[in-house]
Amino acid sequence: MQSIARQNLSFQISTVLAMACLFCRPLASAQAASSTPANAPASNWKQVENTMGRPGQMQPTDVIKFGMPRKDLHVVLDGVDIKPGLALGSWAAFKRDGGGAMVMGDLVLTEDEVEPVMMKLQEGGIHESAVHNHLIGESPHVMYMHIASHGDAVQMAKAIHDALALTKTPGPDAAPVGQPATELGFDQKQVEQILGHAGKVNGGVLQIGVPRAEAITDSGMTVPPSMGVATALNFQPTGSGKAAITGDFVLLGTEVNPVIKALRQNGIAVTALHSHMLMEEPRLFFMHFWANDDAVKLAKGLRVALDNTNSAK
């Protein structure tokens with residue numbers, strides 16, 4: 001009798017275990033399906049691209065960045081027709097943040113666009129972190145609205161898309177077809193060697209990004225250089241080896257006045273000094289500048305300023 005009881009008990013245990021396995025298989029599959037890593041592949045940004053209505057460009061550390069140049073604007077400063085790549089490039093960059101995302105960006109706006117864009121962003125839950133000038137004396141006057149927000153990536157993309165729809169920001173260009181190399185009219189290699197960093201030519205403008213050496217966070221989340229925390233040095237050729245330069249230095253408070261001094265001593269005007277973010281660590285200041293002179297001479301002046309910062313070598 002005891003042997004029969006043990007057999008019955010063994011059968012009951014086996015049955016329970018088998019049933020448990022049947023239920024645990026789909027559960028395990030569901031867990032595997034939901035364990036997509038935070039650094040998801042580029043294809044996982046497709047819905048954000050669809051919502052933004054334009055393709056993005058993948059950056060290091062799974063950041064997707066959308067360029068929205070204001071090719072509709074004809075802005076002139078000191079007789080220079082400013083190209084979008086010099087100072088008229090709206091952008092927004094998204095990075096995964098657990099189950100959501102962080103977005104940062106800079107929207108180039110005319111004065112009459114500022115209020116409706118701000119209201120539409122607020123309605124969509126997007127936080128503004130700055131509204132100000134970058135240049136002085138340009139015509140027409142241009143404003144820059146910085147955004148820094150956390151939330152659902154698609155919802156934030158929709159808010160940005162809807163806000164831009166209130167402006168004359170052009171839609172995306174058709175895919176470029178084998179564009180020829182641009183001749184800048186100044187020694188690009190020498191400029192890059194002086195600054196110690198290689199650049200890229202975008203729409204006839206040489207753009208050089210110089211990351212900071214220390215890690216930067218916003219609300220405890222690491223912010224990579226591609227999300228607006230790298231010093232930007234832009235050169236637009238103006239003929240005879242000259243270039244108009246602008247951009248912004250990303251600075252600690254202790255670096256602000258040494259950089260002002262270095263720029264001014266090298267004939268480069270400081271056009272703005274302000275914040276772009278609200279919750280960053282360490283605290284950062286952004287210094288904008290302008291000059292139109294011999295490109296190599298200006299590169300040497302920018303290098304003196306860079307040497308007064310804790311920039312990556």
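Which residue stands opposite Thr217 in strand 16? Thr217 faces Glu281 there, and this briefing returns to that pair below. Please keep in mind that the model is predicted. The protein chain has 313 residues, of which 43% count as buried, and its secondary structure comes to eight helices and 17 strands. Among contacts with a separation of 6 or more, 65% join residues 24 or more positions apart.

**The six-stranded sheet**

- Six strands make up an open sheet, with antiparallel pairing and the order 9-10-13-14-17-15.
- The edges belong to strand 9 (200-202) and strand 15 (269-274); each has a single partner strand, so one side of each is left without a neighbour in the sheet.
- On average, and with direction ignored, neighbouring strands here are turned by 20° against each other.
- Starting from the strand 9 edge, three bridges connect strand 9 with strand 10 (residues 205-211), and the two run antiparallel. Within this sheet, Val201 is found opposite Leu206 in strand 10.
- Strand 10 is also joined to strand 13 by six bridges, again antiparallel. Here Gly209 sits opposite Ala232 in strand 13.
- Moving on, strand 13 and strand 14 pair over seven bridges in the antiparallel sense. Gly239 has Lys242 of strand 14 as its bridge partner.
- A hairpin links strand 13 and strand 14, with two residues between them. If you check backbone torsions, look at Ser240 in this turn, where phi is positive at about 60°.

**Helices on that sheet**

- Helix 6 (residues 188-195) lies across strand 9, strand 10 and strand 13 (230-239). Its direction runs at about 15° to strand 10.
- Helix 8 (residues 295-306) also packs on the sheet, where it touches strand 10, strand 13, strand 14 (242-251) and strand 17 (285-294). The direction of helix 8 makes about 155° with that of strand 17.

**The three-stranded sheet**

- A further open sheet has three strands in the order 12-11-16, with antiparallel pairing.
- Strand 12 (221-222) and strand 16 (280-281) take the edges; each has a single partner strand, so one side of each is left without a neighbour in the sheet.
- Two bridges join strand 11 (residues 217-218) to strand 16, and these strands run antiparallel. This brings us back to the opening pair, Thr217 and Glu281, which stand opposite each other.

**Helix 4 and its surroundings**

- In helix 4 (residues 111-123), the buried residues are Glu113, Val114, Val117 and Leu121. A charged residue, Glu113, is thus listed beside Val114, Val117 and Leu121.
- These buried residues pack against strand 6, strand 7 (128-132), strand 8 (142-151) and helix 5.
- After helix 4 comes Gly125, with a positive phi near 85°.

**The second largest pocket**

- The second largest pocket holds about 150 Å³ of space.
- Its lining is made up of Asn44, Gln47, Val48, Arg96, Gly98, Gly99, Gly100, Ala101, Asp152, Ala153 and Val154.
- By character, the lining residues are four nonpolar, five polar and two charged.
- Three elements each supply at least two lining residues: helix 2 (46-52), strand 6 (100-110) and helix 5 (153-164). Strand 6 and helix 5 appear here as lining elements, and both are also packing partners of the buried residues of helix 4.

Definitions and conventions
Residues numbered from 1 in each chain as written. Predicted model: local features only at pLDDT ≥ 70, side-chain atom pairs only at ≥ 80, totals over all residues. Heavy atoms only, no water. Pairing = 2+ DSSP bridges. Helix = DSSP H or I, 4+ residues; strand = E, 2+ residues; numbered from the N terminus. Axes fitted to C-alpha atoms, helices over the stretch in contact; angles between N-to-C directions. Contact = heavy atoms within 4.5 Å. 1 Å grid on protein atoms, 1.4 Å probe; cavity = no way out; pocket = protein on both sides within 12 Å on 5 of 7 lines; lining within 4 Å. Points joined across faces, edges and corners; volume = space filled by probe spheres on them. Buried < 20%, exposed > 50% of the residue type's maximum accessible area, 1.4 Å probe, protein only.
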